[in-house]
Amino acid sequence: MTVAAARPPDGPSAEMSAAQAAVLARYDEMAALLVGMDDRPRADPGLTAEAAPALLHEARLLDAGRFEDWLEGWTSDAVLWLPLSARAHPGTDQSLLLDDRRRLAERVDWRREPSAWGQHPPSRTTRVVGSIEAWPAANGLVARSTLLIDEHRHGRHQALAGYQIHELVGDDLHRRTKILVVPALGTGVRNPSFLL
Amino acid sequence: MTVINSDTATADFEGLVQPHRVHRRIYTDPAIFEMEMTRVFAASWCYVGHESEIPAPGDYRTTTLGLRPVLMTRARDGAVNVLLNRCTHRGTVLAAEASGCAKRFVCPYHGWTFAPDGQLVAIPFPADHAVEDRSTLSLGRLATASYRGFVFATLNAEPEPLDCWLGEAREAFDTIVDRHPGGDIGVMGSPHLLEFVGNWKLSWDNAADGLHATFAHESYNTLGEMVDTETVLARDPGSTPMVSKALRNGHMVVDQRPGIPQGPWATMRRVPFREPLETALVDAGEESLLDLATGSMINLSLFPNLLFVGNQLLVIEPVAVDRTRLQLWLTSAPSAPSEIDLLRLRVDEDFVNFGTPDDLDMFERVQRGLSIPEMEWIDMSRGLPDSDAADGDATIYGPITSEAPQRRYLAHYAKLMTTPAATRAR
C-alpha cells in the first residue's frame with residue numbers, strides 16, 4: 001500500500017512539534033487509506049459479510065434522520081472525512097468536511113436547530129450501498145463500498161454517486177474512520193449539507 | 001481583433017435600478033444576463049487566479065470570465081498571461097483540465113500548437129495552409145495585471161489601470177495581505193465548488209450585508225452559544241461599532257475588527273485537531289499568530305467577481321441567469337509556522353458547513369420569490385439617505401445595517417450596463 005507523505009513543514013518553525021506530528025500522523029493514516037484502496041487484493045469473504053450489516057444499518061439510520069443513534073456508532077477518536085478529490089490529503093487540501101467526534105456532535109445539533117435553513121426543511125435521502133468489500137485491519141476491518149444518494153429538497157432533486165471507506169473496530173464494529181468520496185464535489189453541487 | 005461595441009445591444013434597462021429599489025428583472029431576465037456577461041464581466045477587471053498557483057513556466061489554470069473559457073499561464077520568460085482558451089483554427093477549447101503544466105498547448109482536434117504565451121508555433125502539414133503570418137493567429141489575449149500576486153484580466157478595449165480601478169479598496173487589500181508574515185500569501189490547490197439556483201448578484205447583495213448575520217446565520221451563532229463562544233456574526237448589528245464602506249467601482253468593505261476587540265481567534269469554536277496545534281504555538285511563544293488561523297475580519301468585495309471572506313477567496317462564477325457557481329479557495333500563510341495552515345484547513349470547513357448552507361438556501365428562496373411577475377421590486381432603502389458624497393467617488397461609511405454598499409454596487413452595475421465599454425481580445 002502506498003503511504004502518502006505529509007507535506008514537509010516549511011516556514012520558520014521547520015522542526016515539527018510533537019503535537020503537529022501526531023495530527024499529521026492521523027491525517028497520513030487517512031490519506032493512505034484513500035490512496036491505497038485501489039491496490040488492495042480481492043476482499044476477504046468473511047469480513048465482507050461481517051461489514052455489510054454495519055454499512056447498511058448506517059445508511060438506514062441516516063436516511064431515517066436518526067442522527068443521534070448514528071452518532072452512537074463512532075469511536076471517541078473517530079474522524080469523518082469528505083475530501084474534494086480522491087487524491088486529497090487532509091493536511092494540505094481543503095475538504096468539504098473533516099469532523100472529529102466533537103464536531104460530529106455539533107453537526108447533529110446543527111441539523112436539529114430549526115434555524116439551520118440549509119437543512120430546514122430537511123433533505124429526504126435514499127442511500128443505495130453496493131459493491132461491499134472488506135479486508136482485515138488492526139482491531140477490526142476496512143471496508144469499501146459504493147454509494148448512491150438520491151436527495152429531494154424544496155421540490156428539487158439531485159442524485160450523487162461515490163464510494164465510502166470505513167475503518168470499523170471492536171466487537172461492535174464502531175466507526176473509527178469514514179471517508180466519503182463524491183466526485184461531483186470537484187465540479188460543483190448544490191447545498192451538499194445532506195452529505196454525511 | 002474584432003471590437004464589440006455593444007451600444008446597439010440595448011435592452012430597456014433604464015429605470016430597473018433606482019436609488020431605493022431594484023427591479024426583479026435584473027435577477028430573472030436571460031437577455032439582461034447575456035448583456036451582463038459582456039458589459040459587466042468582460043468590460044471589468046476580473047480576478048482570474050493567484051500567481052502562486054502557476055509557479056513554473058508552462059503551469060496553467062483554467063476558469064471562466066463572463067462564461068468565456070480562459071487560461072492563465074506562466075510563459076517561458078516568467079510572465080503571466082491570461083488567454084482565451086479557444087483554438088484560433090476552429091474554436092476548440094484547448095485545455096480541458098482545471099490546471100496542469102504544458103510546454104505547448106496542442107489542439108486535440110487538428111493539432112494546432114500554441115506556446116504558453118499564446119503564440120501559434122506549429123500547424124501540421126503547413127505546406128497546404130494558406131496562412132502566411134502566424135502572428136495573426138495567436139490565442140486571444142486579455143489585458144492582464146497583478147496586485148500583490150493576485151492576477152486580474154479584462155477584455156475592456158481601454159481599461160482603467162488596475163491600481164486606479166482598485167482605488168480605495170487597496171487599503172483593505174493590503175491589510176489582508178500584510179497580516180501574513182513577510183506579506184507572503186498563497187492559495188491552496190483545489191477549491192470548493194458550490195452551485196445555487198439563483199442569479200450571481202444574490203451573492204453580491206449578501207457580501208456586505210451585516211444584517212443577515214443575525215437572522216440567516218442564527219444556527220451558526222447558536223452553535224457558538226452552546227460552547228460559550230461569541231461568533232463574529234453574533235454581535236448586535238444595531239449597536240456594533242463594525243463599519244461598512246461603499247467604495248468606487250462597486251467595491252465594498254465590511255470592517256468587523258472594531259466589533260471584536262478580543263481578536264479574531266476568540267470568535268472561533270474548537271475546530272477539530274485545534275488543541276494540539278494551538279498548544280504547540282503557545283509553547284513556542286507564538287500565540288499572537290493564532291489570529292492568522294482565522295480571517296482578517298475584513299470582508300473585501302471587488303466587483304464583479306472576488307470576495308475576501310475569512311481566509312477564503314470566494315470567486316463568483318455566473319453560469320446562467322438563475323445558476324451561479326461559487327469557487328471557494330483557501331489562502332495559506334507560507335512563511336508562518338505550519339500549524340497555522342493546518343488550523344486554517346479546519347477553520348475553513350466551519351463556516352462552509354454551518355453558515356454557507358444557510359446562505360445558499362436564502363439565495364434560492366429569493367430567486368423563487370423573484371419569479372412572481374406581479375411583485376416587481378426589491379427594497380434597498382435601508383440607511384437612506386446616504387450621508388456623504390453619494391453621487392461622487394468618495395467612500396460612503398455606514399453602520400453594517402446600512403444597504404449603502406448594495407446601492408453603490410448596483411449603481412455602478414447600472415452604469416456599466418447603460419454606458420457599455422467596447423470589449424476586444426488583444
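**Close-ups of a predicted two-chain model**

**View 1. A salt bridge inside helix H9 of chain B.** B:Arg346 and B:Glu349 sit 3 residues apart, about one turn of the helix, and both belong to helix H9 of chain B. An α-helix has 3.6 residues a turn, so residues three or four places apart point the same way. Here the two side chains form a salt bridge, with the closest N and O atoms 2.6 Å apart. Keep in mind for this and every other view that the model is predicted. Are these two partners buried or exposed? B:Arg346 is buried, at a relative accessible area of 1%, and B:Glu349 is buried too, at 0%. The pair also has company: salt bridges with shared partners tie A:Asp99, A:Arg103, A:Glu106, A:Arg107, B:Arg269, B:Arg346, B:Glu349 and B:Asp350 into one network.

**View 2. A:Glu106 reaches B:Arg269 across the chains.** Staying with two members of that network, this close-up shows the side chains of A:Glu106 and B:Arg269 meeting in a salt bridge, 2.6 Å from N to O. A:Glu106 comes from helix H4 of chain A, and B:Arg269 from the loop between strand S16 (252–255) and helix H8 (274–283) of chain B, so this pair joins two chains. Both ends count as buried: A:Glu106 has 10% relative accessibility, and B:Arg269 has 2%.

**View 3. The interface between chain A and chain B.** Stepping back a little, 51 residues of chain A touch 54 residues of chain B. The size of an interface is often given as the accessible area lost when the parts come together. For chain A and chain B the buried area is about 4300 Å², and carbon and sulfur atoms give 52% of that. Which three residues of chain A supply more of its buried area than any other three? They are A:Gln94, A:Arg102 and A:Trp117, which supply 17% of the area that chain A buries against chain B.

**View 4. Polar links over the same boundary.** Between chain A and chain B there are 6 salt bridges. One of them pairs B:Asp361 with A:Arg153, at 2.8 Å from N to O. Polar contacts across this interface come to 30 residue pairs, counting pairs with both residues at pLDDT 80 or more. On the chain A side, the elements giving two or more residues are helix H1 (18–36), strand S2 (95–100), helix H4 (101–112) and S7. The residues on that side split into 19 nonpolar, 17 polar and 15 charged.

**View 5. Strand S14 of chain B, paired with both chains.** S14(B) covers residues 192–196, and 5 of its 5 residues are buried. In a regular strand the side chains alternate between the two faces of the sheet. On S14(B) both faces are covered: B:His192, B:Leu194 and B:Phe196 are buried on one side, and B:Leu193 and B:Glu195 on the other. How do S14(B) and strand S7 of chain A run, parallel or antiparallel? They run parallel, joined by 2 bridges, with S7 spanning residues 189–190 of chain A. A:Val189 has B:Leu194 as its bridge partner, and A:Arg190 stands opposite B:Glu195. S14(B) also pairs with strand S20 (residues 323–332) of chain B, this time in the antiparallel sense over 5 bridges. There, B:Leu193 faces B:Gln327.

**View 6. Helix H7 of chain B and what covers it.** In H7(B), residues 218–226, the buried residues include B:Ser219, B:Tyr220, B:Asn221, B:Thr222, B:Leu223 and B:Gly224. What covers them? The cover includes H4 of chain A, along with helix H6 (212–215), helix H9 (338–354) and helix H10 (356–369) of chain B. After H7(B) comes B:Asp228, with a positive phi near 55°.

**View 7. A salt bridge between distant parts of chain A.** A:Lys178 and A:Glu58 form a salt bridge, their closest N and O atoms being 2.9 Å apart. The partners are 120 residues apart, with A:Lys178 in strand S6 (residues 174–181) and A:Glu58 in helix H2 (residues 45–63). A:Lys178 counts as buried at 1% relative accessibility, and A:Glu58 at 3%. Over all chains, the structure has 34 salt bridges.

**View 8. An open sheet in chain B.** The last close-up shows 3 strands in the order S8-S9-S10, with antiparallel pairing. S8 (105–106) and S10 (120–122) are the edge strands, each pairing on one side only. S8(B) and S9 (residues 113–114) pair over 2 bridges, with B:Val106 opposite B:Thr113.

Terms used:
Residues numbered from 1 in each chain as written. Chains lettered and ligands numbered in written order. Predicted model: local features only at pLDDT ≥ 70, side-chain atom pairs only at ≥ 80, totals over all residues. Heavy atoms only, no water. Buried < 20%, exposed > 50% of the residue type's maximum accessible area, 1.4 Å probe, protein only. Helix = DSSP H or I, 4+ residues; strand = E, 2+ residues; numbered from the N terminus. Pairing = 2+ DSSP bridges. Contact = heavy atoms within 4.5 Å. Buried area = accessible area lost by both parts, 1.4 Å probe. Salt bridge = Lys/Arg side-chain N within 4 Å of Asp/Glu carboxyl O. Polar contact = N/O pair within 3.5 Å; in protein donor to acceptor, adjacent residues only side chain to side chain. Nonpolar A, V, L, I, M, F, W, Y, C, P; charged D, E, K, R; others polar.
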